[in-house]
Amino acid sequence: MATCNTSKCNKPYSKSRYTAFGIITLIAFVLPFLRIGGNHLFLFSFDKKQLHLLFTTFDMQELYLMPFLLILLFLGIFFMTTLGGRIWCGWVCPQTIFRVIYRDLIETKLLGIRKNIKNKQTDSQNGIKKVIAVCIWSILAFLAASNFTWYFIPPEDFFNYIQNPLDHTVLIGILAIITGFLIYDVILLKEEFCVYVCPYARVQSVMFDNDTIQTIYNEERGGLIYDEHNQLINTKPTGENDECTGCEACVKICPTHIDIRKGMQLECINCLECADACTTVMEKLGKESLITWTSPNAIESKGKTQFMRFRTIAYGIALSIALVALFLMGSTKEHMLLNINKTTQLYKIKDKGEEIQNAYTFLFQNTDHKDHKYYFEVDNKDITIVKPSAPFKLKSGSKMKKVVILKTNKNLSTHAKDDTLLNIKITAYALDDKEKIIVFRNTTFIYPSPSSVKKYLNK
Ligand code: SF4
Ligand code: SF4
C-alpha cells in the first residue's frame, strides 16, 4: 500500500495555479504599456496599420513576419500540448481565470452565495448578493475588455479616445460587445464554453501521446468505478485493496461536472481541483492522492514522465528554428520603404539629342517613429538627378509619391540598333540618420538607340 510522502502529497496545485493566474494577469496588464522610443513590445495596431514586435515597428507592407508568427503560434500550441496536455486550459486560459475570479472569489469567498468552494455542482443563490456579484464582474469584464483592446489600440491612444466617445464610436462599440460577451460567458455560459465552444478542446486530444501529462485517476490503486463501456459499476470500489473511499470529493469539486475516475475526458480542463480534493481525503488516511498530474506511461511503469521524447524534441527544434528565423527577419527591418516604378514613357530626348531623361515614380514611406528629411543618390556618375532638386521632409508613418527625373548628357549607348538598358542602383536615406535609415534599390536607365535619336532630330 502506498503511503503519503507529506512533502509531496500535501502540496496543493491550487496555490501554484493562483500564483500563475496572478503573474499572467500582471503580464497581460503591464505588457501593452512597455515601449521604447514609441515602439511597443507587442502591438497589432489596426488604426495605424502597424505591427510592433520586440520594440520594433513594422508597417503592414512589411508583414513578411506574419507567417513566422503564425508558424510560431501553431508550433507553440503543438509543443505545449504534447508536453503538458491541457496545461493552457487549467493554468493560463483567461476563461479559467475569469471563472475562478467570479465563482470562487466573488460568489464564494466575497459574497458567500455559494456555500462551499469544494462543491461546484450547485448554482449560486439568487438575490441582492447575486446582483452585486454581477455588478462587480461587469466592472472587471470592462477592465478585461479594455486590456484586450490595448493589444490593438495602444493605451496612450485608448485613454485619449475614450474621453471623446462620440468621436470613437467603433471603439466604444467593440468595448461594449467584448464586455457584454464576457458577462454572458462567465455568468451564464460558464464551463460550457470549454466543453462545447472552444475549438482547442476538440483538437488537442490528437496531440496527446502516452507520455503527455494529464489529470489521471490511478485505477490500479483506487479500484474500478466504471466498466469498459463507461457504465458505473459502483460509486465505491469493492476490491479488498481498493483505496478509493467513494467520497466523491473529486466529483463534487469538478467545474465541468465530470468524474475523472471514468478516465480522460474531453471536458477535463486540467484544473487539478479533483487532485487537490483527493489529496485532502487521502492525506487523512496517510496516503498519496489517487488523482495526480502525470502521464499514463508514468503510472504504468511507476516511474517518471518522459518529457524528452521524439515528438517534443522535434517540436522544440522546429520552434527554435522558427524563433531564430523571426529574430533574423526582424533584425533586417528597413526604417524606410521605397518602391520604384518607371513611367510608361521610356525616355525623353532633349537639347538636340544632347540630353536624355528618364522619369520614375518613387513611393517613399517613413516607417520610423520620428520625422526625417530624405534624399537619394544614383551610383552612376554620368547620371544626375533633375527632380526632386532638394531633400524633402516626411512625417513619421507617412507616405509620399515623388516624380523623379534622372538625366545624362553623355552618350551612354552601347548598341548600334537597340536602346541601351543601364542597371543603376538608387541609394535613398534620411539625411539625419544615414547609418540606420538607408535603403538600396535597383532599377534601369534607358538610353535610346542612335537611330531613335536620329529620328527625333529629323522630326
Ligand atoms: S476532472 Fe474536473 S476537476 Fe479534475 S482536472 Fe478535470 S476539470 Fe478539473
Ligand atoms: S476524492 Fe479520491 S477517494 Fe474520494 S472518490 Fe475521489 S478518488 Fe476516491
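## Notebook: ligand shells, cysteines, helices and backbone

**Entry on Lys190.** I looked up Lys190 and found that, at 22% relative accessibility, it counts as partly exposed, because burial would require a value under 20%. I note here that I am working from a predicted model, so every value below is computed from that model. Lys190 sits in the loop that runs between α8 (169–189) and α9 (192–197). I then checked its backbone and found a positive phi of about 55°, although Lys190 is not a glycine.

**Entry on Leu54 and Phe58.** I went on to Leu54, another residue that has a positive phi although it is not a glycine, here with a value of about 50°. Leu54 belongs to the loop between β4 (50–53) and β5. The strand β5 covers residues 56–59, and Phe58 is part of it. I asked myself whether Phe58 is buried or exposed. Its relative accessibility is 1%, and Phe58 therefore counts as buried. I also looked for a contact of Phe58 across the sequence and recorded Thr367, which is 309 residues away along the chain, yet the two C-alpha atoms are separated by 7.2 Å.

**Entry on the cis peptide.** I looked up the peptide bond between Lys387 and Pro388 and found it to be cis, with omega at about -5°. Pro388 has its place in the loop that links β12 (383–387) to β13 (392–394).

**Entry on ligand 1.** I asked where ligand 1 sits, and the answer is the largest cavity. I listed the residues around ligand 1, among them Thr215, Pro255, Thr256 and Asn270, together with the cysteines Cys254, Cys268, Cys271 and Cys274. Ile258, Ile260, Ile269 and Leu272 also belong to these surroundings. Sorted by class, the shell of ligand 1 holds 9 nonpolar residues and 3 polar ones, with no charged residues.

**Entry on ligand 2.** For ligand 2 I found a place in the second largest cavity. Its surroundings include Cys244, Cys247, Cys250 and Cys278, and also Glu248, Arg261, Tyr217 and Ile291. Thr245, Gly246 and Ala249 are listed around ligand 2 as well. By class, this shell divides into 7 nonpolar, 2 polar and 2 charged residues. I checked Cys250 of this group separately, and it counts as buried because its relative accessibility is 10%.

**Entry on cysteines.** How many disulfides are there? The count comes to 0. I tested this on Cys93, whose sulfur has its closest cysteine sulfur in Cys89 at 6.3 Å, which is too far for a bond, because a disulfide requires sulfur atoms within 2.5 Å. Cys93 itself counts as buried, since its relative accessibility is 16%.

**Entry on helix α13.** I compared the length of α13 (residues 273–284) with the value expected for a helix: at 1.5 Å a residue its 12 residues should span 16 Å, and the end C-alpha atoms are 17 Å apart, which agrees. The buried residues of α13 include Cys274 and Cys278, and also Glu273, Asp276 and Met282. Cys274 is one of the residues around ligand 1, whereas Cys278 is one of those around ligand 2. After α13 comes Gly286, which has a positive phi near 70°.

**Entry on helix α3.** I repeated the length check on α3 (residues 66–84), where 19 residues at 1.5 Å each should span 27 Å, and the end C-alpha atoms lie 26 Å apart, which agrees. Leu69, Leu72, Leu75, Thr81, Thr82 and Gly84 are the buried residues of this helix. Just after α3 I found Gly85, with a positive phi of about 60°.

**Entry on Ser320.** I placed Ser320 in helix α15, which covers residues 310–331. With a relative accessible area of 40%, Ser320 is partly exposed. Its C-alpha atom is separated by 9.8 Å from that of Leu75, a residue 245 positions away along the chain, and Leu75 is one of the buried residues of α3.

**Entry on Asn339.** My last look-up was Asn339, which lies in strand β8 (residues 336–342). Asn339 has a relative accessible area of 39% and is therefore partly exposed. I compared its position with that of Ile225, and between C-alpha atoms the two are 70 Å apart in space, with their positions 114 residues apart in sequence.

How values were computed: Residues are numbered from 1 along each chain as its sequence is written. Chains are lettered from A and ligands numbered from 1 in the order in which they are written. This is a predicted model: local features need pLDDT of at least 70, side-chain atom pairs count only at pLDDT 80 or more; totals for chains, interfaces and linings use all residues. Side-chain values use heavy atoms; hydrogens and water are left out. A residue is near a molecule or strand if one of its heavy atoms lies within 4 Å of it. On a 1 Å grid over the protein atoms alone, a cavity is a set of points where a 1.4 Å probe fits but cannot get out, and a pocket is an open set with protein on both sides within 12 Å along at least five of seven lines; lining residues have an atom within 4 Å of a point. A molecule sits in a cavity or pocket if more than half of its atoms lie within 2 Å of its grid points. Ala, Val, Leu, Ile, Met, Phe, Trp, Tyr, Cys and Pro count as nonpolar, Asp, Glu, Lys and Arg as charged, and the others, Gly among them, as polar. Buried means under 20% relative accessible area, exposed over 50%, partly exposed in between (1.4 Å probe, protein chains only). Helices (H or I, at least four residues) and strands (E, at least two) are DSSP runs, numbered from the N terminus. The expected span of a helix is 1.5 Å times one less than its number of residues.
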